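Me: I have a model open and would like to talk through its pockets and its helix packing. Could you help me see what stands behind each label?

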Amino acid sequence: MLAVLSPGQGSQKPGFLTPWLDLTGTEARLREWSALAGVDLLHLGTAADADEIKDTARTQPLLVAAALLAAEHLPLDDVALTAGHSVGELGAAALAGVLSADAAITLAGVRGREMAAACALEPTGMAAVLGGDPDEVIAAIEANGLYPANRNGAGQIVAAGALDGLDKLAAAPPARTRIIRLQVAGAFHTPYMAPAETALAAEAAGITPADPTRTLLSNLDGTAVDDGAAMVQRLVRQVTAPVRWDLCMRTLADLGVTGVIELPPAGTLAGLVKRELKGDGAPEIVTLNTPDDLPAARDLIARIGGRS
């Protein structure tokens, strides 16, 4: 079974879409989606610097656009499963047929703007806790009034919340852990994002989703969702709910996934899968970052693709 993964915020790099402009129709597509997203995706993907594409309002639609742009050049009929991390779920939902590409870009624009606005209401942040016993890490996070916003597997849990709580966690970290403060605008996937969830729900109410045409995993609990309306509800809820990427990877293993393609900007999710799904059953992985990577991705689909 083959899985196509759509990355989330933090994976972007300056100029990462520049090579894709060599493909016919790319520039026109980005301009079309820019009007829907309310940001200049062409500029952001090619000429913008790291600080500019770190802005949540810009980053989120940029990442969804990048994933969908690359996916247009793959034979997706032979792909059995899609999943995305955080905002990447919008891209995955579009690839599974739940949303149109235009709807996914529109929702990403609203999601990014509203989450950026929610970040400005109160000073909050996030920190990655690497290593340690997972139960002890969760207990320490909660003891400091924080939330486990991302459980990414491979020994990585992300804490989010008030800045003083993050300072306390860093001052007295759980045993055998290393804490890295993340350069983000606020506490994503926590109750601090409630205003953004409300705004996204209002926008999503005007969309008529379809049921997925391939297996589509949800960040809420790692399960496959077969109802389009239910998936949209989960996409909205995900703004304030933790990302359980660890459970998504467990489902990949349980379903016997033997091949993984990560859409651009690729590398982060591929690294997590590589560290988590090891041994004889480890999937073959292709990171798709430029058009030069398309032959390898198409070859992987040809060899182990097919619906299951």
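Me: What is the volume of the second largest pocket, and which residues line that pocket?

Reply: Happy to help! In this predicted model, the second largest pocket has a volume of about 150 Å³. Its lining is made up of Gly131, Gly132, Pro134, Val137, Arg151, Gly153, Ala154, Gly155, Gln156, Ile157 and Asp246. Helix H6 (134-143), S4 and S5 are the elements that give two or more residues to this lining.

Me: What makes five residues of that lining polar?

Reply: The class count is four nonpolar, five polar and two charged residues. Gly counts as polar here, and the lining includes Gly131, Gly132, Gly153 and Gly155. Gln156 is also in the lining, and Gln is polar because it is in neither the nonpolar nor the charged list. Arg151 and Asp246 line the pocket too, and Arg and Asp count as charged.

Me: How much space lies in the largest pocket, and what lines that pocket?

Reply: The largest pocket holds about 660 Å³ of space. It is lined by 35 residues, and Gln9, Gly10, Ser11, Leu182 and Val184 lie nearest its centre. Elements that give two or more residues to the lining include helix H3 (56-71), helix H5 (101-119), strand S3 (124-131) and helix H11 (268-276). H11 gives the most, with four residues. By class, the lining divides into 15 nonpolar, 15 polar and five charged residues.

Me: Why are H8 and H9 called roughly antiparallel?

Reply: The axes of helix H8 (residues 194-204) and helix H9 (residues 228-237) cross at roughly 155° and come within 9 Å. Angles over 145 degrees count as roughly antiparallel, and H8 and H9 therefore earn that name. Their crossing is right-handed.

Me: Which residues meet there, and how do they divide by class?

Reply: Glu197, Leu200, Ala201 and Ala204 in H8 meet Val232, Leu235, Val236 and Arg237 in H9. The contact has six nonpolar, no polar and two charged residues. Glu197 and Arg237 take part in it, and Glu and Arg count as charged.

Me: Why is H10 called oblique to H11, and not roughly perpendicular?

Reply: Helix H10 (residues 245-254) and H11 pack at an angle of about 60°, with their axes 11 Å apart. That angle makes H10 oblique to H11. Roughly perpendicular covers 65 to 115 degrees and roughly parallel covers angles under 35, so an angle of about 60° falls under oblique. The crossing of H10 and H11 is right-handed.

Me: What makes the contact between H10 and H11, and which classes do its residues belong to?

Reply: Trp245, Met249 and Leu252 of H10 make the contact with Leu269, Leu272, Val273 and Glu276 of H11. These divide into six nonpolar, no polar and one charged. Glu276 is part of the contact, and Glu counts as charged.

Me: How do you know that the lining of the largest cavity is nonpolar or charged in character?

Reply: The structure holds one cavity of 30 Å³ or more, and the largest cavity has a volume of about 40 Å³. Leu90, Leu107, Leu200, Ala204, Val232, Leu235 and Val236 line it. Leu, Ala and Val count as nonpolar, and the division is seven nonpolar, no polar and no charged. H8 and H9 are the elements that give two or more residues to the cavity lining, and H9 gives the most, with three.

Technical notes:
Residues are numbered from 1 along each chain as its sequence is written. This is a predicted model: local features need pLDDT of at least 70, side-chain atom pairs count only at pLDDT 80 or more; totals for chains, interfaces and linings use all residues. Side-chain values use heavy atoms; hydrogens and water are left out. On a 1 Å grid over the protein atoms alone, a cavity is a set of points where a 1.4 Å probe fits but cannot get out, and a pocket is an open set with protein on both sides within 12 Å along at least five of seven lines; lining residues have an atom within 4 Å of a point. Grid points are joined across faces, edges and corners, and a volume is the space filled by probe spheres set on the points. Axes are lines fitted to C-alpha atoms, for helices over the stretch in contact, and angles run from 0 to 180 degrees between N-to-C directions. A crossing is left-handed if the near helix is turned anticlockwise from the far one by less than a right angle, and right-handed if clockwise. Contact means heavy atoms within 4.5 Å.
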